[in-house]
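Visitor: Please choose one part of this model and examine it closely for me. I should like to see how its side chains are connected to the rest.

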Amino acid sequence: MADRVHPRDDSPPQTTEFKPPPAAAPLQEEHDQAHKYPQSPTKPDAPQSEKPVSTPRGTYVIQIPKDQVYRVPPPDNAKRYERLSRRKPSRSPCCCCLCWLLALLTALFFLIGVAAAVFYFVFRPESPDYSVERLSISGFNLTSSRWVSPEFDVTVRANNPNDKIGIYYKKGSSVDVYYDSVKLATGSLPSFYQGTNNVTVFVTPLKGSAVELTSRDRTAMIGEASKGRVPFKLALRAPVKIKVGPVETWEITVKVDCDITVDNLTAAAEIRSKKCDYGVDLW
């Protein structure tokens, strides 16, 4: 094996006329390294194609490891995240108006309920009671003519059972008597004030003029009178004002509807049966 001879370090430097540029020094070092440490031959790089390789288009799914998912915003977005998290959600004006309206209605109904409860427990209101005590009849001639002019004297009993509530009966009332669907006579109640714990009995005259009865109605009424059971309907409407202490309410309408059966069509008629329904119209 032949020995490799290296030049001595103390040999005088050789001068040459040609000085390589500084950029060639790395190439020289690589060449020296190649002589000192020989390496296995490497494969030459494959020639690059002149045309660039096109990347296929499509949808890609990128999976990020769980430990790399941010649990808190990055430092550069921390201030923005804090500002957005503190921002209150904005409400539209319509939503605010609706909320105020619902709150106002709730408070109003609550106050009305409280006032009604206080009124009930303080005054203990009770409904008035109405009944027909007597019905006197005249003016019926069912055999000679189909036209009749009946007259009724109706005795009405009104009871006010309240201890602290009075009733004013105003003008504009009406009392009507019907046979089936035919109005026979009409009248009105007197105007008066009914005090507390008071029972008032008054007679109301009712008159009818030239009331036409069909032959069927006349025949039916004659047959019912012979049997002693002639049915009538009485409808009473009276505008009243309720007086509670020094305060008077608005006008309300008292409604009384009675089904009355009498034994005959004379002044001495007696009531065989009666049934009255009572109600009010507040407005």
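Guide: Let us start from Asp180, which counts as partly exposed because its relative accessibility is 48%. In this scale, buried means under 20% relative accessible area, exposed means over 50%, and partly exposed lies in between, with a 1.4 Å probe and protein chains only. The model is predicted, so local features need pLDDT of at least 70 and side-chain atom pairs count only at pLDDT 80 or more, while totals for chains, interfaces and linings use all residues. Residues are numbered from 1 along each chain as its sequence is written, and side-chain values use heavy atoms, with hydrogens and water left out.

Asp180 forms a salt bridge with Arg216, and their closest N and O atoms are 3.9 Å apart. Asp180 belongs to the loop between strand 5 and strand 6, whereas Arg216 lies in helix 4 (residues 215-227), so the bridge ties together parts that are 36 residues apart in sequence. The term salt bridge requires a side-chain nitrogen of Lys or Arg within 4 Å of a carboxyl oxygen of Asp or Glu; helices (H or I, at least four residues) and strands (E, at least two) are DSSP runs numbered from the N terminus. Arg216 counts as exposed, at 56% relative accessibility. Together with Asp217, Asp180 and Arg216 are linked in a network of salt bridges.

We now turn to Tyr179, at the end of strand 5 (residues 174-179). The structure holds 8 aromatic pairs. One of them joins Tyr179 to Phe232: the ring centres are 6.2 Å apart and the planes stand at 65°, so the pair is edge-to-face. Phe232 is in strand 10 (residues 230-244), 53 residues from Tyr179, and the pair thus links distant parts of the chain. Rings of Phe, Tyr and Trp (its six-membered ring) pair if their centres lie within 6.5 Å; planes under 30 degrees apart are stacked, over 60 edge-to-face, and the rest tilted. Both Tyr179 and Phe232 are buried.

Phe232 leads us to the nonpolar interior. The largest nonpolar core has 43 residues, and Phe232 is among those with the most contacts inside it, as are Ile137, Phe152, Leu184 and Leu234. Strand 10 gives the most to this core, with 8 residues. Such a core is a set of buried Ala, Val, Leu, Ile, Met, Phe, Trp, Tyr and Cys residues joined through side-chain atoms within 4.5 Å. Beyond four places in sequence, Phe152 touches residues including Phe232, Leu184, Ile137 and Thr204, contact meaning heavy atoms within 4.5 Å. Thr204, in strand 8, is buried, with a relative accessible area of 1%.

Strand 10 also takes part in a salt bridge. Its residue Arg237 pairs with Asp257, with the closest N and O atoms 3.1 Å apart. Since Asp257 lies in strand 12 and Arg237 in strand 10, the pair ties together parts that are 20 residues apart in sequence. Both partners are partly exposed: Asp257 at 34% relative accessibility and Arg237 at 28%. A further bridge joins the side chains of Lys255 and Asp281 (3.4 Å, N to O); it links Lys255 in strand 12 to Asp281 in strand 13 (residues 271-281), 26 residues apart.

Finally, the whole chain provides the setting. Its secondary structure comes to 4 helices and 13 strands, and 24% of its 283 residues count as buried.
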